[in-house]
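Here is a briefing on a ligand site and the pockets of one protein. Start with what surrounds the ligand.

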Amino acid sequence: MIDINKIRKDFPILNRQVNGKPLVYFDNAATSQTPQQVIDVIVDYYSNYNANIHRGVHALSQEATDKYEAARHTIQKHFNAKQAYEVIFTSGTTHSINLVANGFTSILKKGDQLIVSALEHHSNIVPWQMLCEKTGAILKVIPMTPEGELDMEAYDALLNDKTKLVFVNHISNALGTINPIKSIIDKAHKFGAAVLIDGAQASPHIKPDVQALDVDFYVTSAHKICGPTGVGMLYGKEEWLNKMEPYQGGGEMIDQVTFEKTTYAGLPHKFEAGTPNICGGIAFGAALDYMNAIGFDNIAEYEHELLNYGTKQLQDIEGLKIYGTSKNKTSVISFNLEGIHPYDVGTLLDKMGIAVRTGHHCAQPIMDYFKIPGTVRASFAFYNTKEEIDTLVQGVKKAKMMLS
Ligand code: 7TS
């Protein structure tokens, strides 16, 4: 059970006003808000032990190194990775995907096939297109259905011995669909293909077990899970990480450097060139601790209640169409009002203190499928309430009246 009054007290930002109205924050799929417990960790870092890591004998550096590595262990435990060194700190999901795509440059050859889904965020499309251009590999697409689900029969037909990699999101950011990733992974493995799951939208709602999934790569960003921006992670199976070329060269990722030849450090440092976001990494660990203390089962149950409540009320508004109607979805409602541009609805809602995202949500292929310029997207988190959904519903009704 969620103690909503207690939880809301953890988030100072929820007390602020926007345009003279209490903030209703429904843009959680873009970034989550930060609890005081995580803010305190950030303040503590800069107030008490700010130092560079892995290179100082002095006390501050050792303290920072210990806390950073402890955060890596927290992440390892959370995602159930076999080894801590299979967790690579990155600047976020986008960085993680680019790192893997780059790492496969020397593994792929011309004519190899890669499979993406029609439901992806641009950051799980563009790096692979760049990889195809470099290697001559071919990108195939799993199509979607009108409900916003993946066409799994079409996926079966795409898989063959030339398939080397499959990359699919766990949950769609634009529609909220939860994809059948276990089945996607198992089917790809039958053909010896590796699978990367983009967990950016799943991590705030689900605690994935990378070993049970037997996934090759799982990526996410801390800022979607109550952590800070500019930090995220790549989980990769040891054998794949060892096969991949490093993404960036520089300090901390080397073993020996001479002008004749440089050898690389082992995992995870091979992929962590330069001074990382130390404070961010530590705060990422604190954010996972915070979420785990609430409990992901409690979070999922409560958010599902919000989703059902919001869907029921919004779909009763005449002329409102919801995009993404899978039975298996998370707390995201993407919608349009007939004949009204989503941007206009979003602008009016903002005047009422309600934050939603409008536009194509970095998923233009989905918008093209529905032949729309974009949607209004309300995404709920465990610190939102039914009363806030009532405010949204009233706001949408008002916007409809003003704009039609
Ligand atoms: N993949 C998915 C599924 C996402 O939702 C996002 C961000 C990313 C990748 C990229 O994450 P980043 O942290 O590297 O930027 N999604 C959104 C969104 O839906 N609205 O703003 C950002």
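The shell around the ligand holds three nonpolar, eight polar and four charged residues. Ala, Val, Leu, Ile, Met, Phe, Trp, Tyr, Cys and Pro count as nonpolar, Asp, Glu, Lys and Arg as charged, and the others, Gly among them, as polar. This is a predicted model: local features need pLDDT of at least 70, side-chain atom pairs need 80 or more, and totals for chains, interfaces and linings use all residues. Residues are numbered from 1 along each chain as its sequence is written, and side-chain values use heavy atoms, without hydrogens and water.

**Ligand contacts**
- The ligand is surrounded by 15 residues (a heavy atom within 4 Å). The closest are Thr 94, Asp 198, Gln 201, Ser 221 and Arg 357.
- A side-chain N or O atom of Asp 198 is 2.5 Å from a ligand nitrogen atom.
- Ser 221 places a polar side-chain atom 2.7 Å from a ligand oxygen atom.
- For His 121, a polar side-chain atom lies 3.5 Å from a nitrogen atom of the ligand.

**Largest pocket**
- The ligand takes up the space of the largest pocket (more than half of its atoms lie within 2 Å of the grid points).
- Its lining has 20 residues. Nearest the centre lie His 121, Ser 123, Ala 200, Gln 201 and Lys 224.
- The lining divides into four nonpolar, 12 polar and four charged residues.

**Pocket terms**
- A pocket is an open set of points on a 1 Å grid over the protein atoms alone, where a 1.4 Å probe fits, with protein on both sides within 12 Å along at least five of seven lines; lining residues have an atom within 4 Å of a point.

Conventions
Polar contact = N/O pair within 3.5 Å; in protein donor to acceptor, adjacent residues only side chain to side chain.
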